[in-house]
Amino acid sequence: MTSTSAARPVGELLRQWRERRRMSQMDLAIQADISTRHLSFVETGRSRPSRDMILHLAEELDLPLRERNHLLLSGGFAPVYAETPLNSPQMSSVREALGQVLSGHEPYPAVVVDQRWNLVDRNAATGVLLRGVAPELLVPPVNVLRLSLHPRGMAQRIINLGEWRAHLLHRLRRQMSLTADPDLAALWHELDGYPCDQPEPEIERPGPGDIVIPLRLRRGYRELAFFSTMATFGTPLDITVAELAIEAYFPASPETAAYLQHQHHPD
């Protein structure tokens, strides 16, 4: 959402988020345990919601913390969720946790990203993913999706580029629908414009023996295969923490596992 959203009526914003979540007024009213009539009055501006009601409806709509602050501002209330810089002293425990996860995942690659897929931190093992990437793509701020799909980035080494590209764009499109973030929409349009000489499946179907969509990378005469998991903080009350995610890569083949282990312990 743009900063201008704070100047729009809170009821209008709530209605737009409800529609974005594909919920009727009755659906949301039942879920929030309020009357449909009261919700209708809130959305049309006939009733001014309290601070607690705004937060209650935002919780039922599963809104990002940043958007909950925008709703509060639109309703005439002060934001309640802080956005603390990651390098601040009070975030030391968060930084320590991230560092432990990254180092503990070696010899496999892992990265920390924010909600717009900008790189926050990475472990040493990510070097295997970044070989051959154009230096200008590694100048901060580094966007990991751009790094993956740019023709001078990892894309030149991705064997199943069409399949992997379709997967990343689909994931980004889903995130756009959940957050309504215009920066994510701009990123999607940029990535969608990158060239690809492989078919891009509209529906993700497994190949023979596949249980996940693998990232297949060319490494000299080898093919390295990975799958990944995403982890977030379980109970965030700070916007910075809520928008962090750890993507951890695992070997999808015994050959890849052996190669990474050898790189980590060459002797």
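**Questions on a predicted two-domain chain**

Me: In which loop is the place of R22?

Reply: The loop with R22 is bounded by helices, and helices (H or I, at least four residues) and strands (E, at least two) are DSSP runs numbered from the N terminus. The model is predicted, so local features need pLDDT of at least 70 and side-chain atom pairs count only at pLDDT 80 or more, while totals for chains, interfaces and linings use all residues. Residues are numbered from 1 along each chain as its sequence is written, and side-chain values use heavy atoms, without hydrogens and water. R22 is in the loop between α1 and α2.

Me: Is R22 buried or exposed?

Reply: R22 is not a glycine, yet its phi is positive, at about 60 degrees. Buried means under 20% relative accessible area, exposed over 50%, and partly exposed in between (1.4 Å probe, protein chains only). R22 has 78% relative accessibility, so it counts as exposed.

Me: What is the relative accessible area of D62?

Reply: D62 follows just after α4, in the loop between α4 and α5. Its phi is near 55 degrees, a positive value in a residue other than glycine. D62 is exposed, with a relative accessible area of 58%.

Me: How many helices and strands does the chain have?

Reply: The C-alpha atoms of the chain fill a box of roughly 70 × 45 × 35 Å along the principal axes. Buried residues make up 45% of the 267 residues. As for secondary structure, the chain has 12 helices and five strands.

Me: How many Å separate the centres of domain 1 and domain 2?

Reply: Domain 1 covers 10-75 and domain 2 covers 89-264; these bounds come from an automatic or database domain assignment. Eight residues of domain 1 are in contact with 12 residues of domain 2, where contact means heavy atoms within 4.5 Å. Taken over C-alpha atoms, the two centres are separated by 34 Å.

Me: Are α2 and α4 roughly parallel or roughly perpendicular to each other?

Reply: Helix α2 (residues 25-32) and helix α4 (residues 51-60) have axes 10 Å apart and an angle of about 110 degrees; axes are lines fitted to C-alpha atoms, for helices over the stretch in contact, and angles run from 0 to 180 degrees between N-to-C directions. Angles under 35 degrees count as roughly parallel, over 145 as roughly antiparallel, 65 to 115 as roughly perpendicular and the rest as oblique. The two helices are therefore roughly perpendicular.

Me: Which residues of α4 does α2 meet?

Reply: On the α2 side the residues are L28, Q31 and A32. By class, the contact has three nonpolar, two polar and one charged residues, with Ala, Val, Leu, Ile, Met, Phe, Trp, Tyr, Cys and Pro counted as nonpolar, Asp, Glu, Lys and Arg as charged, and the others, Gly among them, as polar. On the α4 side the residues are H56, L57 and E60.

Me: Which helices do the buried residues of α4 pack against?

Reply: In α4, the buried residues are M53, I54, L55, L57 and A58. Their packing partners are α1 (10-20), α2, α3 (36-44) and α5 (65-74).

Me: Which helix gives the largest share of the largest nonpolar core?

Reply: A nonpolar core is a set of buried Ala, Val, Leu, Ile, Met, Phe, Trp, Tyr and Cys residues joined through side-chain atoms within 4.5 Å. The largest one has 39 residues, and L172, L191, L215, L217 and F226 have the most contacts inside it. A second, separate core of 25 residues includes V10, W17, I54 and F77. In the largest core, six residues, the largest share, come from helix α9.

Me: What is the relative accessible area of F226?

Reply: F226 lies in strand β4 (residues 222-231). Beyond four places in sequence, it touches residues including V128, L129, L215, L217 and F250. F226 is buried, at a relative accessible area of 1%.

Me: Which residues does S47 touch, not counting residues up to four places away in sequence?

Reply: S47 is found in the loop between α3 and α4. It is buried, with a relative accessible area of 19%. With those sequence neighbours left out, S47 touches H38, F41 and V42.

Me: What is omega for the cis peptide bond that joins P140 and P141?

Reply: P141 is found in the loop between α7 (127-130) and α8. Another cis peptide bond runs from E106 to P107, with omega near 15 degrees. For the bond joining P140 and P141, omega is about -5 degrees.
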